[in-house]
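Let's take a walk through this structure together. Have the sequence and the 3D view open, and we'll go from one pair of side chains out to the whole chain.

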Amino acid sequence: MADRLKGKIALVTGAAQGIGAGIARAMAAEGATIFAADINVAGVEALAAEIGAEPLALDVTREEAWKAAADRIGSALSILVNNAGVELVKPMTDHSLSDWRSVMAVNVDGLFLGCRTLQPLLASGGTAGAPASVVNISSIAGLVGYPDQLAYNTSKGAVRHMTKSLAIEWAAHALPIRCNSIHPGCIRTPMLELAVEGWVREGSIPEDDPWGAVAALCPLNAVGAPEDIAMGAVYLASDEARFVTGIELVIDGGWVAR
């Protein structure tokens with residue numbers, strides 16, 4: 001199927017690599033006009049050249065950067081994908097307060113600033129029959145606990161609950177904006193590669209075959225790809241999901257079902 005997002009304008013954060021890049025590619029392929037945003041300017045410019053997107057330099061922790069992005073987009077926005085995120089893998093006792101606040105600044109504050117700043121554009125970009133769509137990328141770590149990543153787990157739990165709160169708030173105020181979260185499992189991205197290195201150092205998984213050990217934790221005995229998350233995002237952003245808001249879409253190969 002093609003043109004599922006034809007005529008829609010989308011902003012994807014954290015688009016320089018990994019899941020964000022996969023979502024930007026998939027949405028562009030479905031006909032959306034893409035603003036690809038990232039703090040990694042060179043990376044996002046390369047992606048934008050590849051898929052015909054507009055690159056945006058965006059530090060999601062800075063309110064003025066979000067305001068500049070809103071000015072660049074214009075008067076209306078159909079889709080906002082809050083994907084930018086960071087992970088920290090080490091025991092809680094090794095977390096400094098600075099570590100904690102750095103994770104929260106990107107994973108929680110960034111989402112809040114984006115939704116608050118762009119709400120007027122999203123309200124203009126949606127209609128009662130075809131609401132605008134906000135897709136927040138959380139994690140299965142926002143649903144269940146994992147050792148040695150307390151700040152990350154907590155931040156992704158906050159993303160889950162912020163999503164539900166916004167879905168209800170926007171509906172209560174009759175704003176034509178839907179809001180849903182996606183909860184990826186183990187997806188082969190640069191972020192997960194760093195996490196796996198941390199798990200190896202902590203002795204959580206064996207050094208000789210770490211990816212085999214990660215795959216074995218999944219009922220489908222596989223590690224996912226960014227494209228697996230991207231197609232979920234395309235669905236939630238499309239008018240096929242016009243009656244879907246406040247949900248958590250788990251894409252994890254069955255991990256949390258076990």
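**Starting with one salt bridge**

Let's begin with Lys164, which forms a salt bridge with Glu248, and the closest N and O atoms of the two are 3.5 Å apart. This pair links distant parts of the chain: Lys164 sits in helix α5 (residues 150–172), Glu248 sits in strand β7 (residues 248–251), and the two are 84 residues apart. Lys164 has a relative accessibility of 24%, so it counts as partly exposed. Glu248 is partly exposed too, with a relative accessible area of 29%. Keep in mind as you look around that this is a predicted model.

Now stay in helix α5 for a moment, because Glu169 has its place there as well. With a relative accessible area of 42%, Glu169 is partly exposed. If you want a feel for distances, pick out Val89: it is 80 residues from Glu169 along the chain, and the C-alpha atoms of the two are separated by 33 Å.

How many salt bridges does the structure hold? There are eleven. Another of them joins Glu54 and Arg72, with 3.2 Å between the closest N and O atoms. Glu54 lies in strand β3 (residues 54–57) and Arg72 in helix α3 (residues 63–73), so this pair ties together parts that are 18 residues apart in sequence. Are these two buried or exposed? Glu54 counts as partly exposed, with 38% relative accessibility, and Arg72 also counts as partly exposed, at 41%.

Helix α3 comes up again in the next pair. Arg116 forms a salt bridge with Glu63, and here the closest N and O atoms are 2.5 Å apart. Once more, distant parts of the chain are linked: Arg116 is in helix α4 (residues 97–125), Glu63 is in helix α3, and their positions lie 53 residues apart in the count. Arg116 counts as partly exposed at 42% relative accessibility, and Glu63 does as well at 32%. This pair has company, since Glu63, Lys67 and Arg116 are linked in a network of salt bridges.

Time to zoom out to the whole protein. Its secondary structure comes to eight helices and seven strands. The radius of gyration is 18 Å, close to the 18 Å that the globule rule gives for 258 residues, so the protein is as compact as a globular protein of that length. Taken along the principal axes, the C-alpha atoms fill a box of roughly 50 × 40 × 40 Å.

What about the inside and the outside? Of the 258 residues, 51% count as buried. The accessible surface comes to about 11,400 Å², and 55% of it belongs to carbon and sulfur atoms. As for which parts of the chain touch, take the contacts with a separation of 6 or more: residues 24 or more positions apart account for 70% of them.

Finally, back to charges. The protein has 18 positive and 28 negative side chains. The centres of these two sets lie 7 Å apart. Among the side chains behind the eleven salt bridges is Lys164, paired with Glu248, which is where we came in.

Definitions and conventions:
Residues numbered from 1 in each chain as written. Heavy atoms only, no water. Salt bridge = Lys/Arg side-chain N within 4 Å of Asp/Glu carboxyl O. Helix = DSSP H or I, 4+ residues; strand = E, 2+ residues; numbered from the N terminus. Buried < 20%, exposed > 50% of the residue type's maximum accessible area, 1.4 Å probe, protein only. Rg over C-alpha atoms; globule rule 2.2 N^0.38 Å. Contact = heavy atoms within 4.5 Å. Areas by Shrake-Rupley, 256 points an atom, 1.4 Å probe, with all protein chains shown as cover. Lys, Arg positive; Asp, Glu negative; His and termini not counted. Charge placed at Lys NZ, Arg CZ, Asp CG, Glu CD.
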